[in-house]
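Please open the model in your viewer and keep the sequence panel beside it. The tour moves by selections, and each stop says what to pick and what is found there.

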Amino acid sequence: MTQRLHLVFGGELVDPSKNVFKDVDDIDIVGMFPNYDAAYNAWKGAAQRTVDNAHMRYYIAHIHRLRDEETAASSTEELG
């Protein structure tokens, strides 16, 4: 079974209309989640906690999309 990992992260943006972080050293890593529903719930919680700051944005990164599932993995990459 293929895992569908998702990373939730966010931080303060330079300009709310752009996706450029003000300080990449201050990015909030909420966590890694095993499915989209869990990631969405974490994203929603983080976004709601910072709703008063218009420059704060949180994102869900689909980690499983960063690799080509059709390409065979090396033996050290297969953990399951």
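The stops below go from the whole chain to its strands, and then to its aromatic rings.

Begin with the entire protein chain in a cartoon view, bearing in mind that this is a predicted model. The secondary structure comes to one helix and three strands, and along the sequence these elements follow the pattern β-β-α-β. Of the 80 residues in the chain, 21% are buried, while the accessible surface comes to about 6,100 Å², with 51% of that area belonging to carbon and sulfur atoms. If you draw the contacts between residues at least 6 apart in sequence, 61% of them join residues at least 24 apart.

Next, select strand E1 (6-12). Six of its seven residues are buried, so E1 is largely enclosed by the rest of the structure. Which strands does E1 pair with? On one hand E1 pairs with E2 in the antiparallel sense, over five bridges, and here leucine 7 can be picked together with methionine 32 in E2, which stands opposite. On the other hand E1 and E3 also run antiparallel, joined by seven bridges, and in this pairing glycine 10 stands opposite tyrosine 58 in E3.

Now hide the cartoon and show the aromatic side chains, among which the count comes to five aromatic pairs. Select phenylalanine 21 and tyrosine 59, whose rings form an edge-to-face pair, with 6.1 Å from centre to centre and 80° between the planes. Phenylalanine 21 lies in the loop between strand E1 (6-12) and strand E2 (28-33), whereas tyrosine 59 lies in strand E3 (residues 56-62), so the pair ties together parts that are 38 residues apart in sequence. Are these two residues buried or partly exposed? Phenylalanine 21 has a relative accessible area of 19% and is buried, because the cut-off for that class is under 20%; tyrosine 59, at 22%, counts as partly exposed. Add Phe9 to the selection, and the cluster that ring pairs form from Phe9, Phe21 and Tyr59 is in view.

For the last stop, move to helix H1 (residues 36-49), where tyrosine 40 and tryptophan 43 lie three residues apart, about one turn of the helix. Their ring centres are 5.4 Å apart and their planes are at 35°, so this pair is tilted. Tyrosine 40 is partly exposed at 33% relative accessibility, and tryptophan 43, with a relative accessible area of 26%, is partly exposed as well.

Conventions:
Residues numbered from 1 in each chain as written. Predicted model: local features only at pLDDT ≥ 70, side-chain atom pairs only at ≥ 80, totals over all residues. Heavy atoms only, no water. Helix = DSSP H or I, 4+ residues; strand = E, 2+ residues; numbered from the N terminus. Buried < 20%, exposed > 50% of the residue type's maximum accessible area, 1.4 Å probe, protein only. Contact = heavy atoms within 4.5 Å. Areas by Shrake-Rupley, 256 points an atom, 1.4 Å probe, with all protein chains shown as cover. Phe/Tyr/Trp six-rings, centres within 6.5 Å; stacked < 30°, edge-to-face > 60°. Pairing = 2+ DSSP bridges.
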